[in-house]
Amino acid sequence: MQIYKSARKTYIDSKYFKFYLLFERSFIFEKNLNYNKMKKLIFTLFTFVICSNLLQAQTDVPLYKRSHFLSEEEMKSHDPTRASREFYPTDPPAGSVRQVAEFERMQSILIRYPFGIPMTMIAEISEDCGVTTLVLNQLQENTVRNQYIANGVNIDNCDFVHAPTDSHWTRDYGPWYITHGQNEIGIVNFPYNRPARPNDDDVPIVMANELGIDLYGMELIHTGGNYMTDGLGVGASTTLVYTENPDLTPEDVDTLVEEYLGIHTYHLLPDPLGDYIEHIDCWGKFLDVDKVLIGQVSTSDPRYEDFEYVADYFANEISSYGNHYQVYRVQTPGQSQVTPYTNSLIMNDKVLVPQTGNQLDDDALEVYEEAMPGYEIIGIYYNEWYNTDAIHCRAHGTVDQGLLYIKHFPLLGEVPYADSYQVSATITPFSGEALYPDSLLLYYRTGNNPFSKITMTNVFGYQYRASIPAQEMGSEISYYIFAADESGRREKHPFIGSADPHVFTIGPPENPDVNLNPDSLIYMNVQQCDTGLIAYVRNNNPVPVEVVYLPEFGQASNFQWIIDPYVIELPYSIPPFDSLALRIKVALPVSNNPGLVVGTHPVGTMVDTHNIYICVDESLVGTKEIKTESFRAQIYPNPVRDALNLRFSKLTEGELRVQLIDLQGRILAEHAENLEGKDEKILSLDSQVQSLKEGIYFIRIMNGGEQLTRKFVRLQ
């Protein structure tokens, strides 16, 4: 009887329990049940247990098949409110947070058994990436191992996680990976928008325990299929986020994704597909920081205007690289045809694209090849792909735990002629292993010539720099960065390297008399303040040029102007056709944003001036601590077209002054008013921003002896 009780307990919570109950009720238990009847009963029970396990283990379809959307049965117990959920929020990660993009390095792809993908796809993944399979127990693991071996899957690249699950949509319920703290990888958990599937909802917790990394709980009802990020603080979803979080304001949503994911710009768009699920991966996908793939339908399709709206939206937005998004289109007619082409998986240097036997399959592959040169584009056929449910929905990347991360904002478009072109990057080995100094390289070429390489030099910490020599005006320069560390990792920026490098052209000099590179120094942390940032000043005149400090921009005591290793006094004279590397250190605390003017003085009179705008991040103003909260200010929308609003809190009674400033430090507009007993305020600056050209600007806000500086983007 003890064996019977143990076996019964094993299945009491399983999907087979209803079948077991039918079995159990077919017997009448009596106190005097004889030994032979008991023996037969136990034998029958174990036969059922083994057969049911094998049935689940040897088929790609569970005993009852779930829908991607909630079934009628699940809807009965579906309560979308927060109060109904067992979710444990945590404080957000401390310090800088960055969410990892899909097109960064992944160590494995998370899938679930029973499968929702074909075995051919699993074999393809296993060729050069790991396969992490969620299975119920060791018996399932053994069965899956045998299936993998029989179907050519590289078993050496496979690992298994034992956990109950409710469905195979690992993208929707899987963990969201972040970098935070001192080069650490973490997971952000969220209430999965399918509360009737609690086992799925717990998978981020399971994976955090499995990987031994920190777990953070963000109380924002969400799903992975309705989310994408560029890895540099930009995210996108449909407005389903607002629908599923009715008790949160848009500002609340923005605050949550910024604090937990590092998302400072969150695009929430109407769903053009017009289908039940409202997931962004059904019609859109970030292919890189400045590349986005958007579905397309014919002009006769009633959804045509909706699709064109989201395509135009991204085409007019500014990416994290400072350029407009490159928008690629792929046919997504849906309804009468199955065309889930945006629902693909980027897996390191491979892209797996769903194929359905549709006549548009080849066209979709060509679009990916055009948008992602150098990647291996692989079509994956399966007779169970759907318009709203394909590869991306059923597979989820696990970020490389020893990520070798290269952060770089590239030179793009037309760059003014100069004596050199500085390329800077932060190269961070999350493995903890040392970088190879002689393998941190900048590769560049002019036109179609072979690539040349330059070893990058260390500036401070993980910051490295190299300069491309002067080139003729009109030249097209292509370049990429390469890095290696002692863990054996090798990475490039952009990810694919020479096949799709960063490209810029040489335009006329911005200032024919004096060149400044860069013309803006922005101090984002204490280390940059202590070590200093460098502004290169090139004198292209036949007479000396003096570097002059303008006291009206701030207190001179806050700053040191140095030529390594000596501190210099201003004014400083630069000889004709010579240059100066001016390192500017910031002495904290800072009370004002300073400025520097470089001018020519052929006869003692200033003939021309050029400003270097210097901005200190608001978290460093007034204290040596990392964070100060004297008052808070939020810009919305950002980017802005015609209407710009500022929401203030914790204001101090007295003067509130707001200035709009360009990258050269010029004050373009100013607003001042006296506050009487107000600690909260909303201010509109519509007319002030409407006169601005498209570009990047700063808002400087002063109140109660403190100040904040915020960046915003103006769109036409």
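**View 1. Glutamate 124 sits buried, at 15% relative accessibility.** Before zooming in further, keep in mind that the whole model is predicted. The partner to look for here is lysine 350, which forms a salt bridge with glutamate 124, and the closest N and O atoms of the two are 2.6 Å apart. This pair ties together distant parts of the chain: lysine 350 belongs to strand E15 (residues 350-355) and glutamate 124 to helix H5 (residues 119-126), with their positions 226 residues apart in sequence. Is lysine 350 buried or exposed? It counts as buried, since its relative accessibility comes to just 2%, and the cut-off for buried is under 20%.

**View 2. Lysine 350 also pairs with glutamate 127.** In this salt bridge the closest N and O atoms are 3.2 Å apart. Again distant parts of the chain are linked: glutamate 127 is in the loop between H5 and strand E3 (130-135), lysine 350 is in strand E15, and the two are 223 residues apart. Glutamate 127 itself is exposed, with a relative accessible area of 52%. Zoom out a little and you can trace one network, in which salt bridges with shared partners join Glu124, Glu127, Asp128 and Lys350. For the whole structure, the tally of salt bridges is 17.

**View 3. Glutamate 673 and lysine 681 make a salt bridge of their own.** Their closest N and O atoms are 3.3 Å apart. On the lysine side, lysine 681 counts as buried at 15% relative accessibility.

**View 4. Asp362, Asp363, Glu366 and Glu369 form a negative surface patch.** One of these residues, glutamate 369, lies in helix H13, which covers residues 361-371. How accessible is glutamate 369? Its relative accessibility is 45%, so glutamate 369 counts as partly exposed.

**View 5. Cysteine 393 and cysteine 282 are not bonded to each other.** Why is there no bond from cysteine 393 to its closest cysteine sulfur? The sulfur in question belongs to cysteine 282 and lies 5.7 Å from that of cysteine 393, which is too far for a bond, because a disulfide needs the sulfur atoms within 2.5 Å. Cysteine 393 is buried, with a relative accessible area of 0%. Another cysteine to visit is cysteine 158, also buried, at 12%. A search of the whole structure turns up 0 disulfides.

**View 6. Proline 114 and proline 494 each follow a cis peptide bond.** One runs from tyrosine 113 to proline 114, with omega near 0 degrees. Proline 114 is found in the loop between strand E2 (106-112) and H5. The other runs from histidine 493 to proline 494, where omega is likewise near 0 degrees. Proline 494 is in the loop that joins strand E26 (490-493) and strand E27 (502-507).

**View 7. Asparagine 183 has a positive phi without being a glycine.** The angle is about 55 degrees. Asparagine 183 is in the loop between strand E5 (176-180) and strand E6 (184-189), and it counts as partly exposed at 32% relative accessibility.

**View 8. Lysine 650 is a residue other than glycine with a positive phi.** Here phi is near 60 degrees. You'll find lysine 650 in the loop between strand E39 (645-649) and strand E40 (654-661). With a relative accessibility of 46%, lysine 650 counts as partly exposed.

**View 9. Threonine 239 and leucine 268 are 5.3 Å apart in space, C-alpha to C-alpha.** In sequence, threonine 239 and leucine 268 are 29 residues apart. Where does threonine 239 lie? Its place is the loop between strand E9 (234-238) and helix H10 (240-244). Threonine 239 counts as partly exposed, its relative accessibility being 26%.

Key. Residues numbered from 1 in each chain as written. Predicted model: local features only at pLDDT ≥ 70, side-chain atom pairs only at ≥ 80, totals over all residues. Heavy atoms only, no water. Buried < 20%, exposed > 50% of the residue type's maximum accessible area, 1.4 Å probe, protein only. Patch = residues over 30% accessible without salt bridge, like charges linked within 9 Å, V, L, I, M, F, W, Y side chains within 5 Å. Areas by Shrake-Rupley, 256 points an atom, 1.4 Å probe, with all protein chains shown as cover. Salt bridge = Lys/Arg side-chain N within 4 Å of Asp/Glu carboxyl O. Lys, Arg positive; Asp, Glu negative; His and termini not counted. Charge placed at Lys NZ, Arg CZ, Asp CG, Glu CD. Helix = DSSP H or I, 4+ residues; strand = E, 2+ residues; numbered from the N terminus.
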